[in-house]
Amino acid sequence: MKSASLWQKLWDYDPNGLVAVNLDLKIVVVNPAFCTFFQTEDDDLIGRDVREIMCIGDQFLHAWETKSVIKGVENHYPALNLFVRNVIFPLPQEKLIACILVDYSQEEQQRQEMNELKKLSLAKVEQVINKQMKTAQEIAGLLGETTAETKASLLQVQALLNEDAS
């Protein structure tokens, strides 16, 4: 297998979004996953300013100017229900800046669902505790009433017995 065709297959099948921009931040190349993420075709993206698509244009410039790799920047695109982590790095020999976008939308959705489940569980626990407290207070009230009635009856019996004893 030729090296070029291997790289092409990797490019085409990589589940991560890949984009490269020139120093004017114009998109030069994108892979199919990037197009899927942003629900468009590569023909619609090539030549456009990356800032029109992504909210991290300044980070591309920062990576170029500092000749450093910027990792772990997370972005959310609410209209697309897309959560991505970015790795941005310069390609000085090609005078390009590249970005890898790792989609973590499914993990984020699961995290949000888990948080919602936790909130519902806590609300249910609070509801059960409140019900138990109310029941305990009602029982205590009833016990208090019957204890008072018993005490009153016993005091009457005691008074009668004391009268008989005298």
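Asp58 is exposed, with a relative accessibility of 58%, and in this predicted model the residue belongs to helix 4. The C-alpha atoms of Asp58 and Cys35 are separated by 21 Å in space and by 23 residues in sequence. The exposed class applies because the value for Asp58, 58%, falls over the 50% cut-off. Helix 4 covers residues 57-66 and supplies at least two residues of the largest nonpolar core, while Asp58 in that helix counts as exposed.

The chain contains 5 helices and 5 strands. Their order along the sequence is α-β-β-α-α-α-β-β-β-α. Two strands thus follow the opening helix, three helices come next, and three strands precede the closing helix.

The overall dimensions depart from those of a compact globule. For 166 residues, such a globule would have a radius of gyration near 15 Å, whereas the chain has 35 Å. The C-alpha trace spans about 120 × 35 × 30 Å along its principal axes. Of the 166 residues, 26% are buried. Contacts between residues at least 6 apart in sequence include a share of 38% that join residues at least 24 apart.

The accessible surface of the chain amounts to about 11800 Å², and carbon and sulfur atoms account for 57% of this area. Charged side chains number 16 positive and 24 negative, with the centres of the two sets 6 Å apart.

The largest nonpolar core comprises 26 residues, and Val19, Phe34, Phe38, Met54, Phe60 and Leu101 have the most contacts inside it. At least two residues of this core come from each of strand 1 (17-21), strand 2 (27-30), helix 2 (32-37), helix 4 (57-66), strand 3 (70-77), strand 4 (82-91) and strand 5 (96-103). In soluble globular proteins, nonpolar side chains tend to be buried together. With residues up to four places away in sequence left out, Val19 is in contact with Ile27, Val29, Val30, Phe34, Met54, Phe60, Ile97, Ala98, Cys99 and Leu101. Among these partners, Phe34, Met54, Phe60 and Leu101 are also listed with the most contacts inside the core.

Leu18 is located in strand 1. Leu18 counts as buried because its relative accessibility of 11% is under the 20% cut-off. Beyond residues up to four places away in sequence, Leu18 touches Trp11, Val29, Val30, Asn31, Phe34, Cys99 and Ile100. Several of these partners, including Val29, Val30, Phe34 and Cys99, also touch Val19. The C-alpha atoms of Leu18 and Glu74 lie 15 Å apart, with their positions 56 residues apart along the chain.

Leu25 occupies the loop between strand 1 and strand 2. Despite this loop position, Leu25 is buried, at a relative accessible area of 1%. With residues up to four places away in sequence not counted, the contacts of Leu25 are Arg48, Asp49, Val50, Arg51, Gly57, Phe60, Leu61 and Ile97. Phe60 and Ile97 in this set are partners of Val19 as well.

Asn86, in strand 4, is buried at 0% relative accessibility. Its contacts, again without residues up to four places away in sequence, are Met54, Ile56, Ile70, Lys71, Gly72, Val73, Asn75, Cys99, Ile100 and Leu101. Met54 and Leu101 from this set are likewise among the residues with the most contacts inside the largest nonpolar core. Asn86 and Asn31 are 55 residues apart in sequence, and their C-alpha atoms are 15 Å apart in space.

Two loop residues have a positive phi. Most residues other than glycine have a negative phi. Gln39 has a phi near 50 degrees and lies in the loop between helix 2 and helix 3 (42-45). Gln39 is exposed, with 60% relative accessibility. Between the C-alpha atoms of Gln39 and the buried Leu25 the separation is 20 Å, the two residues being 14 apart along the chain. The phi of Lys67 is near 55 degrees, and this residue is placed in the loop between helix 4 and strand 3. Lys67 is partly exposed because its relative accessible area of 48% falls between the limits of 20% and 50%.

Conventions: Residues numbered from 1 in each chain as written. Predicted model: local features only at pLDDT ≥ 70, side-chain atom pairs only at ≥ 80, totals over all residues. Heavy atoms only, no water. Helix = DSSP H or I, 4+ residues; strand = E, 2+ residues; numbered from the N terminus. Rg over C-alpha atoms; globule rule 2.2 N^0.38 Å. Buried < 20%, exposed > 50% of the residue type's maximum accessible area, 1.4 Å probe, protein only. Contact = heavy atoms within 4.5 Å. Areas by Shrake-Rupley, 256 points an atom, 1.4 Å probe, with all protein chains shown as cover. Lys, Arg positive; Asp, Glu negative; His and termini not counted. Charge placed at Lys NZ, Arg CZ, Asp CG, Glu CD. Core = buried A, V, L, I, M, F, W, Y, C linked by side-chain atoms within 4.5 Å.
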